[in-house]
Amino acid sequence: GAGASEIDAATLAAVLARHRYLGAEQAEMVRRLTTGGERIVTVAALPGTGKTTALNAAAEGWAAGGFRGIGVSTARSATNEIQDVGLPATSIAKLLILTGERAERGLEPLPPGTVIVVDEASAMSTPHAVALLRLVERCDGKLVLIGDPHQIGAVGPGGIYGHLTRLLETIELTEIRRQREEVDRDVVRLAHE
């Protein structure tokens, strides 16, 4: 109920009309990310469920609504997927350094309504999560945490993403779209388990 980085219904409808190929789960993800108004949104996605495709549509919606999107991950090498959807991306540590330098110069660290998208959020440390939350609170923005709560956790103090997926109304992507054959989808599900 924070009203964070919300686009209007007409903008959402236009975005979804341009992305008619999205499945029901993906379209719901785009709707929640762009119009839900939550300060923190968690997304739990099985491999191959189309989170990157849905994120592309959400990023388009944020841009159309005048909101800046930034992608981050614990490891800079993991930001390629976020960059593929058109969001500038870097490591969490680098973003915190850059925004800290701006604040030291008396500037606002981020533009109003900035959306920070964390990919592979299960690997994010709790101190980093707190720092990112402070940034989005300061700019009245949104923190989107995307990952798989069953994947390997943070090296340092962590577990916050998994905890939040149980605490909040998490967007879940379960329909495997990358693999076309049911037997291949079963292999992905079994490997995930």
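## The buried side of helix H6

In this predicted model, the buried residues of H6 are Ala 129, Leu 132, Leu 135 and Val 136. Look down the axis of H6 and you'll find these buried residues within an arc of 120°, so they line one face of the helix. There's a handy rule behind this kind of pattern: an α-helix has 3.6 residues a turn, so residues three or four places apart point the same way.

What sits over that face? The cover for the buried residues of H6 includes three strands and two helices by name: strand E2 (69-73), strand E4 (115-118), strand E5 (142-147), helix H5 (92-104) and helix H7 (160-167).

## Length and ends of H6

Now try a quick check with a ruler. H6 runs over residues 126-138, and its 13 residues should span 18 Å at 1.5 Å a residue. The C-alpha atoms at its ends are 18 Å apart, which agrees.

At the N-terminal end, Ser 125 acts as the cap of H6, with a side-chain oxygen 3.2 Å from the backbone nitrogen of His 128. Go just past the helix and you meet Asp 140, which takes a positive phi of about 55°.

## A cavity elsewhere

How many cavities of 30 Å³ or more does the structure hold? The count is one, and the largest cavity has a volume of about 40 Å³.

Its lining is made up of Lys 51, Thr 52, Leu 55, Glu 81, Ile 82, Val 117, Asp 119 and Ile 146. Helix H3 (51-64) and helix H4 (80-83) each supply at least two residues of that lining, and the largest share, three residues, comes from H3.

Terms used:
Residues numbered from 1 in each chain as written. Predicted model: local features only at pLDDT ≥ 70, side-chain atom pairs only at ≥ 80, totals over all residues. Heavy atoms only, no water. Helix = DSSP H or I, 4+ residues; strand = E, 2+ residues; numbered from the N terminus. Expected span 1.5 Å × (residues − 1). Buried < 20%, exposed > 50% of the residue type's maximum accessible area, 1.4 Å probe, protein only. Arc of directions from axis to C-beta. Contact = heavy atoms within 4.5 Å. Polar contact = N/O pair within 3.5 Å; in protein donor to acceptor, adjacent residues only side chain to side chain. 1 Å grid on protein atoms, 1.4 Å probe; cavity = no way out; pocket = protein on both sides within 12 Å on 5 of 7 lines; lining within 4 Å. Points joined across faces, edges and corners; volume = space filled by probe spheres on them.
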